[in-house]
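Have your viewer ready, with residue selection switched on. This tour goes from one selection to the next and says what to look for at each stop.

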Amino acid sequence: MKWTEGIDKLGLGLYFLLCIFAIANIYSVDQKLGEKQLVFFCISLVVGLVIFVGRSKFFENMSGIIYIGGVLLLIGLFPFGKEILGQKNWYKFGSFTMQPVEFAKIGTALMVANYVSGPDFNLKNRKSLLTILAIIGIPGVVVLAIPDVGSLLVFLAFFIALYREGLNGFLFGIGFVFAAVFLVSLAVPPLYVVIVIVVIAGVLIALNYHRMSWDVISIASISGSILLLCGLAFGSPYILEKLPKHQRERIEVLFKGEKAFRDTSGYNLLYSKTAIGSGGLLGKGYREGSVTQGKFVPEQETDYIFCTVGEEWGFLGSAILVFCYMVYIGRIYYLAEKQKSTFNRVFGYCFASILLMHFTINLGMVMGLFPTVGIPLPYFSYGGSSLLAFSMMTFIFFKLNYSDKNSLV
């Protein structure tokens, strides 16, 4: 058997394609940063090679220690973290910085996979459910306390993996309804939202009246849910007012447009849309983008890197990039589903879901469909921590997949 048998060439090929294209775009924005990103990429490859030649069981056996290490790194930010751009979520070592939340995602993914693959795990069991929620919730609470709302949203990706393992999809519906009520209540008078909630609840109850069990617990649950939603509708504007000014404006931009905040929170989005729209079908050409080269978009080498692609490579280049991401993420889900090992499968789903959340939120952010929350585009945004962490997850999964394909079990 050839040693290359079992290596997923399509997945690794797309990984290299995304990384190389990313370095080229970062170089277009800033030559020095492009060169540094190339160094980060080479370091990532060395780390990836070490992962690939190591034992596949290492990460399963060490998942608890890696998880605890990730949580401790997050907690260490409070006394030792460096504040950058208003958030104390970095460690600084001379001229280098490190964002520990990226590595905490790896530890959490490994720990979730380890616990779910255990013989006693059962999502219908209350102990199992509470334990897995604690595994995800502990780093999530620390991230919220930093605060890093964007990274907290990414932690929701783990629930996609749990859904594959039997988590009730009804919970996703509840989360969607509460999020929708919160956002709609910011744009529409809360009284109107409450009326709609009551009417919809009344219609649903009427349609299911004979199939529902009208015991005390059921009545209390239905009444409590309706009251909670109504309370959220009236409380949403108050919650918004209590947020820091920059966070409040980032949400208001969705409803009032970026021009209303062109000198503050809407500035990035305004010029990001300008850059993407000006690229047309085929783009202005490599290093020929006037908005990109004029440095009009702050953080255009990190969170807003996609606007560089839109301006220089146009709609066609942007569409190809989006297609590559979709194929890549879909490929990881496909490979994860094919794994013989539960640990491998769950880690694969966690990895693919983290990529999906980053990809969706980042693109929504630069196009004005989602508030600016500081989420990098995987492999593409400038940053050693992000590239190294995503590369580590990449090589861990493809190592697990390689071992699975060559397993005799």
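## Stop one: C307 and its surroundings

Select C307 and show its contacts (heavy atoms within 4.5 Å). Leaving aside neighbours within four places in sequence, C307 touches S272, A275, I276, V297 and Q300. C307 sits in helix α16, residues 305-337; helices here are DSSP runs of H or I with at least four residues, numbered from the N terminus. With a relative accessible area of 0%, C307 is buried, where buried means under 20% relative accessible area, exposed over 50%, and partly exposed in between (1.4 Å probe, protein chains only). Now add L269: 38 residues separate it from C307 along the chain, and their C-alpha atoms are 9.6 Å apart.

Before moving on, a word on what you are viewing. This is a predicted model, in which local features need pLDDT of at least 70 and side-chain atom pairs count only at pLDDT 80 or more, while totals for chains, interfaces and linings use all residues. Residues are numbered from 1 along each chain as its sequence is written, and side-chain values use heavy atoms, with hydrogens and water left out.

## Stop two: N25

Go next to N25, in helix α1 (residues 9-29). Is N25 buried or exposed? It is buried, at a relative accessible area of 0%. Not counting residues up to four places away in sequence, the contacts of N25 are I305, T308, V309, E312, W313 and F380.

## Stop three: the cores

Colour the nonpolar core residues: buried Ala, Val, Leu, Ile, Met, Phe, Trp, Tyr and Cys joined through side-chain atoms within 4.5 Å. The largest nonpolar core has 95 residues, and V112, Y328, F347, F351 and Y379 have the most contacts inside it. Which helix gives the largest share of this core? Helix α17 (residues 342-366) does, with 15 residues.

Centre on F351. Apart from neighbours within four places in sequence, F351 is in contact with Y328, I332, Y379, F390, M393, T394 and F397. A second, separate core has 12 residues, including L186, L229, C230 and L240.

## Stop four: two covered helices

Select α18, residues 384-405. Of its 22 residues, 18 are buried, so α18 is mostly covered. At 1.5 Å a residue it should span 32 Å, and its end C-alpha atoms are 31 Å apart, which agrees; the expected span is 1.5 Å times one less than the number of residues.

Then switch to α6, residues 100-116. The expected span of α6 is 24 Å, and its end C-alpha atoms are 24 Å apart. Because 15 of its 17 residues are buried, α6 is largely enclosed by the rest of the structure.

## Stop five: a nonpolar patch

Turn on the surface and select V184, V188, L191, Y192, I195, V199, V203, L207 and F234, which make a nonpolar surface patch of about 850 Å². Patch residues have over 30% relative accessible area and no salt bridge; like charges are joined within 9 Å, and nonpolar side chains (Val, Leu, Ile, Met, Phe, Trp, Tyr) within 5 Å. Areas come from the Shrake-Rupley method with a 1.4 Å probe, and for residues only the protein chains shown count as cover. Helix α11 (residues 190-207) contributes the most to the patch, 6 residues. V188 lies in the loop between α10 (170-187) and α11 and is partly exposed at 32%.

## Stop six: two positive phi angles

Most residues other than glycine have a negative phi. Find R287, whose phi is near 65°, in the loop between α14 (267-278) and α15 (290-293). Then find K295, with a phi of about 60°, in the loop between α15 and α16. R287 is partly exposed at 33%, and K295 is partly exposed at 48%.

## Last stop: salt bridges

How many salt bridges does a search of the whole structure find? The search finds 8, each being a side-chain nitrogen of Lys or Arg within 4 Å of a carboxyl oxygen of Asp or Glu.

Select R164 and E337, which meet in a salt bridge at 2.8 Å, N to O. This pair links distant parts of the chain, with R164 in helix α9 (residues 157-164) and E337 in helix α16, 173 residues apart. Add E165 and R345 to the selection: salt bridges that share partners join R164, E165, E337 and R345 into one network. Finish at E60 and K57, whose side chains form a salt bridge at 3.1 Å, N to O. E60 is buried at 18%, whereas K57 is partly exposed at 43%.
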